[in-house]
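Student: Could we go through this model together, starting with the packing and then the empty spaces?
Tutor: Yes, let us put it up and take the topics in turn.

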Amino acid sequence: MNPRTRLRLVAVGGTGLAVLLVAACLRLPDFGGDSHPYGDRAVRDSLARQTANTIASINFDQRAFDTMGEMTILFAAVVGCVVLLRQTRDEHRARPEPADVTPPVRRYALIALPVALVVGLYVIAHGQLSPGGGFQGGVVAATALHLLYLGADYRALERVRPVGLYEVGDAVAASAYLVTGLAGLIGGTAFLANTLLPYGTFNTLSSGGTVPLLNAAVGMEVACAVVVLLARFLDQAVEIEEESGK
Amino acid sequence: MDVLPYLVAVWIFLIGCYGLATSRNLIHAVGCLAVCQSATYVLLLAVGYRDDATAPVFSDLEPGARPVVDPVVQALALTDVVVGATVTALLLALVIQVAKRHGTVDPDELSELRG
C-alpha cells in the first residue's frame, strides 16, 4: 500500500472513530458533576478500614486481586525485556571507559542520591497515609540509584547494582504479594481479603490491615523491576557491541 | 463547556492514532502509542473530577469536611500508567532487536521475511 492510499484510509477510519467518540462524549455525565456513586462507596469502605489514602485502599484492598494482575504484567514485561535484550552470540561486552563528569554535576548527583532514595522509601512506607504508594515510591527509589551513573560512571553504578540480586528481589516481592493473599485463605477468609490483620489506628503507620504489607511488596517489586529494566537497556547502550566492530 | 475535557481526550487519542499510522520510525511509533495512552489518563481524570473537591486522601482532611474527587478512576489511572510503562519498555526492547537484525527501524522496509 502506498503512503497516499494509506493516509486516505486513515482519514476515513479516523473520521468515523472521531464521530463515534464525540457522540459518546456528549452522553457522558457532566464534567465536574456531583454524582460519583462508586467513588462515594470507595471512600466509605476506605474509612471503615482505617485507610487514610483512599487510592491505596482501592488498589490493595478493594481491588487487590486486580493489582495482582497488574503486578504480574510488570513481572512478565521485565522477563520479556530480559529475554529480548540478552547478549547474543555475535556480540561481545566491552568495558566502558570512565567518562569525565563536571564537578557540579557530580556534587549535585551525589547529594541528591541519598535524599531521593530516602524519599522513595518514605513514599512506599506511607502509601496508606499520604499520596503515593508502592508503584510511585518504587520508581523514585530505583531512579535514585541511577544518579550514580550521572554523578560518577557506569562502573560505580554496577558496583551498587548486582542485577542478579535485583532479579531475585523482583520474584521474591511478587511471591510475597501472593503469600499475603494466601494467608487470608489460611486464616479462614477469602484470597487477598483484608480481614486478617487488625485495622489499627486511623492515620498512623500501622493502619489499614494488610494494605501496608501489599504496598511494601509492590514497592519492592517495582523498584527491582525498574533497576533490572534500566540495567538491560543501559547494557545495550554502553557495554554490548557487535562482533564485526562498529 | 461541560464536554471540553472529554473532547481533549478524544483529540489526544486521535492524534496519537494518526502518528501511529503515518510513522516512518518504530521508536516514533512507540512514542505515538504512549500519546494514545495518555488520552486515557485525561479521560479517566475528567470522569472523576468534581467541582470544588480535593484529593481523596484523609491524612490531613477531616472525613466529610469537603467533597473529594472520584478515587476509583484515579486508581484506574495508576494501573494505566504501570501497564503503559511496561508495554513501552517491552516494545522498545523489540525495536532494539529489530534494529539489530534488520538494520532499520522504518516499518515500511520491514516487509520481507528473514530467518
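Tutor: What follows covers the cores, one helix, the cavities and pockets, and a few single residues.

Student: Before we start, what should I keep in mind about the numbers?
Tutor: This is a predicted model, in which local features need pLDDT of at least 70 and side-chain atom pairs count only at pLDDT 80 or more, while totals for chains, interfaces and linings use all residues. Residues are numbered from 1 along each chain as its sequence is written, chains are lettered from A and ligands numbered from 1 in the order in which they are written, and side-chain values use heavy atoms, with hydrogens and water left out.

Student: Which residues touch the most other members in the largest nonpolar core?
Tutor: They are Phe60(A), Phe135(A), Tyr177(A) and Val218(A), in a core of 33 residues. A nonpolar core here is a set of buried Ala, Val, Leu, Ile, Met, Phe, Trp, Tyr and Cys residues joined through side-chain atoms within 4.5 Å, where buried means under 20% relative accessible area, exposed over 50% and partly exposed in between, with a 1.4 Å probe and protein chains only.

Student: And which helices supply at least two residues each?
Tutor: In chain A these are H3 (54-62), H4 (64-84), H6 (134-145), H9 (163-186) and H10 (211-239), and they are joined by H3 (71-102) of chain B. The largest share, 12 residues, comes from H10(A). Helices are DSSP runs of H or I with at least four residues, numbered from the N terminus.

Student: What does Tyr177(A) touch?
Tutor: Leaving out residues up to four places away in sequence, Tyr177(A) touches Asn59(A), Phe60(A), Ala64(A), Thr67(A), Met68(A), Met71(A), Leu192(A), Leu214(A), Ala217(A) and Val218(A), a contact being heavy atoms within 4.5 Å. There is also a second, separate core of 7 residues, which includes Leu113(A), Ala116(A), Ala144(A) and Leu148(A).

Student: Tyr177(A) is in H9(A), so what does the buried part of that helix pack against?
Tutor: The buried residues of H9(A), among them Tyr166(A), Asp170(A), Tyr177(A) and Gly181(A), pack against H3, H4, H6, H8 (154-160) and H10 of chain A. H9(A) has 24 residues and reaches 34 Å from its first C-alpha to its last, close to the 34 Å expected at 1.5 Å a residue, that span being 1.5 Å times one less than the number of residues. Just after H9(A), Gly188(A) takes a positive phi of about 95°.

Student: Switching to empty space, how many cavities of 30 Å³ or more are there?
Tutor: The structure holds 4 of them, and about 40 Å³ of space lies in the largest. On a 1 Å grid over the protein atoms alone, a cavity is a set of points where a 1.4 Å probe fits but cannot get out, a pocket is an open set with protein on both sides within 12 Å along at least five of seven lines, and lining residues have an atom within 4 Å of a point. Grid points are joined across faces, edges and corners, and a volume is the space filled by probe spheres set on the points.

Student: What lines the largest cavity?
Tutor: Its lining is Ile55(A), Ala56(A), Asn59(A), Phe60(A), Gly132(A), Gly133(A), Gly134(A), Gln136(A) and Leu78(B), with H3(A) giving the most, 4 residues. That lining divides into 4 nonpolar, 5 polar and no charged residues; Ala, Val, Leu, Ile, Met, Phe, Trp, Tyr, Cys and Pro count as nonpolar, Asp, Glu, Lys and Arg as charged, and the others, Gly among them, as polar.

Student: And what about the largest pocket?
Tutor: The largest pocket has a volume of about 400 Å³ and is lined by 17 residues, of which Val139(A), Val222(A), Val226(A), Val82(B) and Ala85(B) lie nearest its centre. H3(B) provides the largest share of this lining, 8 residues, and the lining divides into 14 nonpolar, 3 polar and no charged residues.

Student: Is Ser57(A) buried or exposed?
Tutor: Ser57(A), found in helix H3 of chain A, is buried, with a relative accessible area of 0%. Apart from neighbours within four places in sequence, Ser57(A) is in contact with Ser46(A), Thr51(A) and Gln62(A).

Student: Which residues have a positive phi without being glycine?
Tutor: Among them are Asn203(A), at about 65°, and Asp52(B), at about 60°. Asn203(A) is in the loop between H9 and H10 of chain A and is partly exposed at 31%, whereas Asp52(B) is in the loop between H2 (26-48) and H3 of chain B and counts as exposed at 63%.
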